[in-house]
Each structure stands twice: as structure tokens, then as C-alpha cells.
Amino acid sequence: MAEDTISAVITALGEGAVGIVRISGERALAVGERLFKAASGKALAAYAANTMVYGHVYDEDGSLVDEVLAVYMRGPRSYTAEDVVEIQCHGGLQSLKKILALTYAAGARPAEAGEFTKRAFLNGRIDLTQAEAVMDIIRSRSEASLKLAARQQQGQLARELRKLRSALVDVVVNLEA
């Protein structure tokens with residue numbers, strides 16, 4: 001697990017109904033709880049992991065930023081295999097920018113392009129073929145390419161490669177004998 005906590009907008013920027021800010025790393029919960037307040041008054045950690053919680057994000061002055069849903073995913077049962085908090089807000093650029101800035105003020109740093117997937121790979125949640133498939137899914141331009149990338153992301157190519165490797169090892173063993 002990486003020692004720093006990162007955050008980024010994980011949805012396409014622009015106007016939309018929903019935008020999502022992801023926070024991942026050792027301090028994800030602390031960062032998320034610093035800006036998210038559940039409508040129930042309970043802390044995000046008080047809810048079962050992977051439970052969507054309704055509430056609001058407030059800035060440093062206590063002013064309302066947006067009405068949101070938040071979810072805490074305890075590692076290793078998250079995309080990165082680290083603790084993750086995702087905040088689903090309205091998809092307007094200003095709301096996303098403000099919430100992202102608040103995560104930085106709370107101790108997260110900006111995620112590099114592809115860093116969430118990189119962490120998933122480095123933490124052993126996915127292999128290299130699955131990591132590459134994520135970009136293939138994002139960039140797919142046809143239903144056929146999407147299906148192929150989705151199968152690769154589920155590990156189909158990795159399983160085939162393991163079978164081939166095993167067969168090759170058997171051949172080498174027989175040759176050595």
C-alpha cells in the first residue's frame with residue numbers, strides 16, 4: 001500500500017448529472033470525513049463498508065458546497081486494494097473542483113494519470129494485462145472492442161497466458177530430462 005493518499009475526479013469533466021471524486025490511500029477515510037457530513041450525523045466510518053451514505057460536503061468555513069453521496073471502501077476490497085472514499089456530487093465543474101480542492105487541503109495529493117489503476121496493479125489486485133484492459137475499455141469505439149477488453153479485464157488473457165507458460169515449462173522439463 002502506498003504511504004500517501006491521492007485524490008482525483010474520476011468522471012469526465014464537463015456538465016453532467018453526477019461527478020465522482022475518488023480518494024485512495026492510508027488517510028482516505030480521514031480526508032473524506034473532514035469534508036463529508038452524513039445527514040444522519042454519524043461518521044462515515046460508523047456505516048458498514050461499501051454502504052452509500054447521503055449527506056453534504058462543507059468547505060473550511062462551514063459553507064455548504066454540495067449535496068452528495070459518499071461511500072467508504074475498506075482495503076483490500078476496493079479498486080486500488082487500499083482504503084477508498086468516493087464522493088458522488090453534482091457533475092458541474094465548480095462543485096467537482098471545490099470538492100477536489102478540499103481533499104487536497106485535508107491532506108491528499110493530486111493523483112497522476114492512471115495512478116489508481118497503477119496502485120491496483122502494484123497492490124496485486126489486478127495483473128498487467130488487466131491494467132492495460134482498463135484503458136482499452138475506456139477507449140473502445142465498438143461493441144466488439146468493448147467485449148474483448150472486458151474479457152481481458154476479467155482475466156481471460158492472463159489465464160490463457162498462464163496455460164501457455166505451463167505448457168512451455170513442461171516442454172522444457174521434458175527436454176532437460
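Student: Which residue follows helix 3, and what is the sign of its phi?

Tutor: Helices are DSSP runs of H or I with at least four residues, strands are E runs of at least two, and both are numbered from the N terminus. Here Gly124 follows helix 3, and its phi is positive, near 80°. The model is predicted: local features need pLDDT of at least 70, side-chain atom pairs count only at pLDDT 80 or more, and totals for chains, interfaces and linings use all residues. Residues are numbered from 1 along each chain as its sequence is written, while side-chain values use heavy atoms and leave out hydrogens and water.

Student: Which residues of helix 3 are buried?

Tutor: Buried means under 20% relative accessible area, exposed over 50%, and partly exposed in between (1.4 Å probe, protein chains only). In helix 3 (residues 115-122), the buried ones are Glu115, Phe116, Thr117, Arg119 and Ala120. Glu115 has 9% relative accessibility and Arg119 has 4%.

Student: Which residues are linked in a network of salt bridges?

Tutor: A salt bridge puts a side-chain nitrogen of Lys or Arg within 4 Å of a carboxyl oxygen of Asp or Glu. The network links Asp4, Glu82, Arg109, Glu115 and Arg119. Asp4 pairs with Arg109, their closest N and O atoms 2.5 Å apart. Asp4 precedes strand 1 and Arg109 is in strand 7, so this pair ties together parts 105 residues apart in sequence. Arg109 also bridges to Glu115, with closest N and O atoms 2.5 Å apart.

Student: How far apart are the closest N and O atoms of Glu115 and Arg119?

Tutor: In that salt bridge they are 3.5 Å apart. Both residues lie in helix 3, four residues apart, about one turn of the helix.
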